[in-house]
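Me: I have a model to read and some labels I do not understand. Can we go through them by asking what each label rests on?

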Amino acid sequence: MIKNNLWRRIIFGYIIITLFMLSISFYLIFRLNFFNKVTDSVIKSNIPSIGNSEKLIDNLLEQVRNEKKYIITNDIAFLNLFHKKKNEFFDRLKFLEESVTKEEKILINKIKEWYDKYIEMVSKEFILVGKDKIIPPSTRYEDEKKNILEQITKSINEIILSQQAILIKKIEQLQITVHKSTQISLSLILAAILFGTLFSYFFTRSICLPIKILKDATVRISQGDLDHRIKTPSMDEIGTLGAAFNQMCDRLKELDLMKSEFISNISHNLKTPLTAIREANELMLDEVAGQVSESQIKLLNIMKESTYRLSMMINDILDISRVEAGLMRYNFQYANIDHIIRKSISELSFLAERKNISFNYTDSASIPEVLLDRVKIAQVIDNIFSNAIKFTPLGGTITIKATEIKGSDFSHNMRGGNQINTVRSLVQISISDTGIGIPVEYHKKIFDKFQQVDTKGKSSMKGTGLGLFIARQIIVDHGGDIWVENNRGENGITFHFTLPREYDYTYNG
Ligand SMILES: Nc1ncnc2c1ncn2[C@@H]1O[C@H](COP(=O)(O)OP(=O)(O)OP(=O)(O)O)[C@@H](O)[C@H]1O
Ligand SMILES: [Mg+2]
């Protein structure tokens, strides 16, 4: 069952981001609503209340003017105007009463009381005016009326001031709210951006990293490292892919082992009859079974060469199986490299003679003994010789040199993981031929399995392409190195290999 799959992770991420966006939107709607309410109350209550109060004062002043005009002129039109303004005054006062605070209501009640007094005084005057009895008002009476009017105006002004204070407070409140909302919204947006970025980063990483591991593992498998496996800690689709990849590698490894075992069995079974053929061939050439003619010797030599090549190929195939299974075993002893070179020359001279190729070996008996496996080093030299004979035209020369080099400093693995740290002296063997040479781009490649120079059909000497791969493995296991170099200004190629002679190494048990 797939747990914590990619699909769920994507949905989870998007839900979180959506929730952030929704909370920002809801918060902004809530704040705008509040803003709306406050501005509504300012527009519908405070501003009309202030306007109304100002008009109340105007209205009162007009009443006073009409009252005075009526008393002087006795013109009924002024009286009517006075009454009209009085009614207007009441209406405005009533409207104001509906939209004011408790404290302001107390002020309105006072205004009403003063206004009633004013109307009472004026009404008495009007009765007298109606009877045409104009009595000049006393100073006390006039002062009292003036005082009443002043009290009314003062109270109305107090209401105006109070409403203005409320208005300013509401505007300040709005400013604070807008500021706070901006801050909170910005914080939420920043948090959403931060979460979105982090989520995208970690999510992309959680996909790209395992894909890179898979890609690297595929490259390693394609390079032949069939033991490489990947760790699959995640339980998502990529984890499942990794597990399938590992299964595929296990199967590949199984098939590879089966193939190696099969080839190794066949090769092993081929060896016995081949040895019998070689022995019989040698006996016939030695005329043990009777005299042989010149032409028969020629044919027997062809058989000898072919069976030699065939047995080399079978040995290579068997060695490859051993290298791949990590079963290459060595028998290290101190030995003289000079003896090994001489033996190889004598064993392969029959091949060289057929092409009239001569060996030119500078005597190197003075070279000190080296710790090596005789059979395996002979196999390396045989392979380089047989290659040189194979790729050198008639009449060529193979030159062999062995020298001791002191003071080198490098490290290599030797004998199953024991590490050589410092090499104080080494023996270098160089084998040059006058053959077709090797293009520079192949100088490293030819030491890989099945790598052969593309001769475009010119060379009929095709082998398996395993000889140098095995040679390199043997030399590396001895703690040495192997490489090729073009002959300066001449045809052909030179193979060099080294064997450490004096060295310090760590024994890993
Ligand atoms: N002396 C040489 N001159 C020119 N080419 C060479 C020489 N030695 C090796 N090569 C090139 O390197 C390739 C690899 O050599 P290697 O010995 O590994 O394989 P091989 O000789 O083809 O087959 P075998 O497994 O039978 O040895 C050869 O096929 C050849 O193309
Ligand atoms: Mg070869």
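The turns below take the labels in order, beginning with how the model is read.

Me: What kind of model is this, and how is it numbered?
Reply: It is a predicted model, in which local features need pLDDT of at least 70, side-chain atom pairs count only at pLDDT 80 or more, and totals for chains, interfaces and linings use all residues. Residues are numbered from 1 along each chain as its sequence is written, while chains are lettered from A and ligands numbered from 1 in the order in which they are written.

Me: How do you know whether the protein chain is a compact globule?
Reply: Compare two radii of gyration, taken over C-alpha atoms; the globule rule is 2.2 Å times the number of residues to the power 0.38. For 509 residues a compact globule would be near 23 Å, but the protein chain has 57 Å. The C-alpha trace spans about 185 × 50 × 50 Å along its principal axes.

Me: Where are the domains, and what separates their centres?
Reply: Domain 1 covers 6–198 and domain 2 covers 335–506; such bounds come from an automatic or database domain assignment. Their centres, taken over C-alpha atoms, are 110 Å apart.

Me: What makes a stretch count as a helix or a strand?
Reply: Helices (H or I, at least four residues) and strands (E, at least two) are DSSP runs, numbered from the N terminus. On that count the protein chain has nine helices and eight strands.

Me: How do you know that the length of α4 fits a helix?
Reply: The expected span is 1.5 Å times one less than the number of residues. Helix α4 (residues 139–222) has 84 residues and should span 124 Å; its end C-alpha atoms are 122 Å apart, so the two agree. For α6, with 32 residues, the expected span is 46 Å and the end C-alpha atoms are 47 Å apart, which agrees.

Me: Why is T434 called buried?
Reply: A residue is buried if 20 or more other C-beta atoms lie within 10 Å of its own, exposed if 12 or fewer, and partly exposed in between, with C-beta atoms placed from the backbone. T434 has 20 other C-beta atoms within 10 Å, so it is buried. T434 is in the loop between β6 (418–433) and α9. Over the protein chain, buried residues make up 20% of the 509 residues.

Me: Which residues is T434 in contact with, and what makes a contact?
Reply: Two residues are in contact if their C-beta atoms, placed from the backbone, lie within 7 Å. Leaving aside neighbours within four places in sequence, T434 is in contact with T392, G396, T397, E490, N491 and G492.

Me: Why is E305 called partly exposed?
Reply: E305 has 14 C-beta neighbours inside 10 Å, and therefore counts as partly exposed. E305 is in helix α6 and, outside its neighbours within four places in sequence, is in contact with L351 and R354. Elsewhere in α6, K304, D316, D319, I320 and S321 are buried. The buried residues of α6 pack against α5, α7 (337–354) and α9.

Me: Why is Q291 called exposed?
Reply: Q291 has 6 other C-beta atoms within 10 Å, so it is exposed. Q291 lies in the loop between α5 (237–285) and α6.

Me: What makes the phi of N356 worth a remark?
Reply: Most residues other than glycine have a negative phi. N356 is not a glycine, yet its phi is near 55 degrees, a positive value. N356 sits in the loop between α7 and β2 (358–361), and is exposed because 10 other C-beta atoms lie within 10 Å. F450, also not a glycine, has a positive phi of about 60 degrees. F450 has 9 C-beta neighbours inside 10 Å and so counts as exposed.

Me: What makes a residue part of the shell around ligand 1, and which are the closest?
Reply: A residue is near a molecule if its C-beta atom, placed from the backbone, lies within 6 Å of it. For ligand 1 there are 22 such residues, the closest being N387, Q452, G463, G467 and L468. Helices α6 (294–325), α8 (374–390) and α9 (467–477) each supply at least two residues of this shell.
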